[in-house]
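Visitor: Could you take me through one part of this structure in close detail? I would like to look at a single sheet and what surrounds it.

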2 protein chains.
Amino acid sequence: MAERVVIVGGGFGGLYAAQKLGGASSLEVTLVDRRNFHLFQPLLYQVATGGLSPGDIASPLRSVLKKYRNISVLQAEVVGLHAAERRLELTDGALQYDTLIIAAGSQPYYFGRDEWAEQAPGLKSIEDALEMRRRILSAFERAERTTDECERRALMRFVVIGGGPTGVELAGTLAELAHNSLKGEFRHFDPSAVEVLLLEGGDRLLPPYPSSLSDRARRGLEKLGAEVQTGSRVKEIEEGRVVYERDGREEVTESYTVLWGAGMQASPLGKIIAESTGVELDRGGRVVVESDLSVAGHREILVLGDLAHFAHQGEGPLPGIAPVAMQQGRYAARLLKARLKGKDPGAFRYLDKGNLAVIGRHAAVADMGFIRMWGFPAWLIWLFVHIAYLIEFDNKVMVLFQWAWNYFTRKRGARLITGRDA
Amino acid sequence: MAERVVIVGGGFGGLYAAQKLGGASSLEVTLVDRRNFHLFQPLLYQVATGGLSPGDIASPLRSVLKKYRNISVLQAEVVGLHAAERRLELTDGALQYDTLIIAAGSQPYYFGRDEWAEQAPGLKSIEDALEMRRRILSAFERAERTTDECERRALMRFVVIGGGPTGVELAGTLAELAHNSLKGEFRHFDPSAVEVLLLEGGDRLLPPYPSSLSDRARRGLEKLGAEVQTGSRVKEIEEGRVVYERDGREEVTESYTVLWGAGMQASPLGKIIAESTGVELDRGGRVVVESDLSVAGHREILVLGDLAHFAHQGEGPLPGIAPVAMQQGRYAARLLKARLKGKDPGAFRYLDKGNLAVIGRHAAVADMGFIRMWGFPAWLIWLFVHIAYLIEFDNKVMVLFQWAWNYFTRKRGARLITGRDA
């Protein structure tokens, strides 16, 4: 009988594992996801700022995997795990497995202040991105409508919290949106007067990067007209204002549009795994995995991507970024195939190919280990890496054209206010 | 002082009026819409079936009108009218006008059975289209998941109510989606066995067209694998089933996905206009207008598009279609400019350029008055007319590429289940 492999999560980790297992006729693979599509999260900020449509960065999982006859896709939610009986509980039904690969990802984390989520949405799902887009564009509409100058000023101020890649990308794109794309579209205020404020708790942007690139990123944002305040710790977020501490002093800024790019925490599935297997979770709720990504005492359960705490090279856990998840997904598939042959492929090793963050329409910073770049050349590399992925992965050549179009016309055509209040 | 013109509604009628009034420095024009974008409604069925993304068929009103310095755009909702004082009440604020142009459109009408809306969503807004898309794709996902054969059969049956252009387009595209695009993507059932049932109350499809084209449309749909039942009057829509009367017999069909393409009624603004001006409304809630589109006794109020009942050529009211709204919008602008010069441009006259309805991936029917076409040639005309409009209007060249891509790959890339339940 075929070995039953169940994969939970169709993000980078789960999908790469599935693709590598596709076609192996001795394996019967089931990919379970709550959503029916894979999301290219690194471009989610483009949806949030009206540059791309959701369909441009999402691919139906069935369509991506249909060529592999040994893979089924199931849209379902996982609600429980019985590790002893090797059974996964779904909202309607259950799945038996021989091997379980869990790559359920992460979600925004508000440092215990979940009530902030309402005022400062995070960016993890399509719905998050559309909610951000709705808030950003609605602020401009309200600024055009109001007759109260103080309210208008607060509507024309955007606060981005968190100076990691997401925060930097959002702040840069917002500044460009206001100062370029929307030029000439309003009659009662000038969008080029819009302020974008990026608050970072640490002493520099993009903490994992070399500090020379942090400086470049800061200068890049300032050139676009965004203001960067490092060493700023948010104390309170309320409708219309943000309170933060900087250099020991309390600061207050009025703003109706606050975007969260700061913390992330593991999917609640981590807790379900821990309850069933007794495995240790770290402070962020991530599952502490062995050197082969397995759960202690359960070599048939592998956890990877943002949900996994992997720290076997003495350097603390690997960051929750796409390249880690992709490499772990491929490794999990390799491990499984090796085990079936009675072999041992050794521990997982992460190959750091570098880091990229985009700052604006044609600026980015890149740290490739052996070379550091910024400005236009780094942006070209960023563009090439992302487009190459989208095309290889799902033939999304359309996005390339859309992008070129946006670039040359400075248009952001997907500037729709939809959903709530609509 | 400049003449204050207020336009309500950024659909075809309102937007064409605004564009024609753009640049006339003696006019101060304000376009009010609840939404921040113009929607190309004739392609909404493509969003509902995953072929296009919302951004492909919507254009931000500000961006379309930004070159006209005499036009302001206001995202706001109209809640009242004081015709005697020439004042329009908004949710926040009010607008004084010298001339008021109202083109607020229409919405789905359930013949007094509003409770059907929950079971059988209509197709008028982006949200409607995304809700249809969610239901259609979720039905396939549930069919893959269920182990109950009866439930699966009901999930694999789609019922479209109404044999007008919207119903025909939906039924044809659904049949293609199931029988072509989704081929090979499911493991527990064969999507090519999906049934699409189109119910029409009258004795033929596309009632306003010549009956030879109705026959062609029917044959086109049947070729795609859809079933057409004319003379079918819906009696009840409940979760999981539709009851209808046909040839005096009651029929019941089990289906979890029922789409409404039947009746339309005027925007509730019709009632607001009637209360303030005493104008007559027709049975569909439309404002009965004079030969120059004005409201009786209020020549400064013009009503046009789907909201207007115009019947001055002895042929009953004009249909609620885009060409009527466009021509009335242009006429309203011409009328205003003529009045300012003390001239009279005469009554509005509709020039019927023909009717088009698409049946599937490369079939359509066209009635251009002097010529009737069907099949591939009609589809080419349909494609040309729509693409030409989108490009002329907002430079949406991207849609052309997207379309060509979908056509040749048979892909529908925007097949995302988003929103509710997500």
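Guide: Gladly. In chain B, 6 strands form an open sheet, and their order is β5-β2-β1-β9-β21-β20, with mixed pairing. Its edge strands are β5 (71-75) and β20 (294-295) of chain B, each of which pairs on one side only. Please keep in mind that this is a predicted model.

Let us begin at the β20 edge. Strand β20(B) is joined by 2 bridges to β21 (residues 298-303) of chain B, and the two run antiparallel. Within this pair, Ser294(B) stands opposite Leu302(B) of β21(B). As general background, the strands of a sheet pair through backbone hydrogen bonds, in either a parallel or an antiparallel way.

Next comes the loop that leads into this edge. Leu293(B) lies in the loop between β19 (287-288) and β20 of chain B. The phi of Leu293(B) is near 70°, which is a positive value in a residue other than glycine. Is Leu293(B) buried or exposed? The cut-off for buried is 20 or more other C-beta atoms within 10 Å; Leu293(B) has 26 such neighbours, so it counts as buried.

Leu293(B) also appears among the contacts of Val303(B), a residue of β21(B). Not counting residues up to four places away in sequence, Val303(B) touches Ile102(B), Ile273(B), Val287(B), Val289(B), Leu293(B), Val295(B) and Ala308(B). The largest nonpolar core has 268 residues, and those with the most contacts inside it are Val303(B) and Val303(A). In soluble globular proteins, nonpolar side chains tend to be buried together.

On the other side of β19 in sequence, Gly285(B) sits in the loop between α9 (269-277) and β19 of chain B. With 20 C-beta neighbours inside 10 Å, Gly285(B) counts as buried. Its contacts, leaving out residues up to four places away in sequence, are Gln265(B), Ala266(B), Gly270(B) and Lys271(B). The C-alpha atoms of Gly285(B) and Ser267(B) are separated by 7.6 Å, although the two residues are 18 residues apart along the chain.

For another positive phi, turn to Leu206(B), in the loop between β12 (195-199) and α8 (211-223) of chain B. Its phi is near 45°, and Leu206(B) too is a residue other than glycine. Leu206(B) is buried, with 24 other C-beta atoms within 10 Å.

Now a step back to the pair of chains. Chain A can be laid on chain B by a turn of 180° and a shift of 0.0 Å along the axis, with an RMSD of 0.0 Å. The two copies are therefore related as by a two-fold rotation axis. Of the residues of chain A, Ser53(A) comes closest to that axis, with its C-alpha at 3.2 Å. The same surface serves both copies, as 100% of the contact residues of chain A recur in chain B.

As for the contact itself, 37 residues of chain A are in contact with 37 residues of chain B. On the chain A side, the elements giving two or more residues are β4 (58-60), α3 (61-65), β5 (71-75), α5 (126-145) and α12 (397-409) of chain A. The largest share of that side, 6 residues, comes from α5(A). By class, the side of chain A that touches chain B has 15 nonpolar, 10 polar and 12 charged residues.

Methods:
Residues numbered from 1 in each chain as written. Chains lettered and ligands numbered in written order. Predicted model: local features only at pLDDT ≥ 70, side-chain atom pairs only at ≥ 80, totals over all residues. Pairing = 2+ DSSP bridges. Helix = DSSP H or I, 4+ residues; strand = E, 2+ residues; numbered from the N terminus. Contact = placed C-beta atoms within 7 Å. Nonpolar A, V, L, I, M, F, W, Y, C, P; charged D, E, K, R; others polar. Core = buried A, V, L, I, M, F, W, Y, C linked by C-beta atoms within 7 Å. Buried ≥ 20, exposed ≤ 12 C-beta atoms within 10 Å, placed from the backbone. Least-squares fit on C-alpha atoms with pLDDT ≥ 70 in both.
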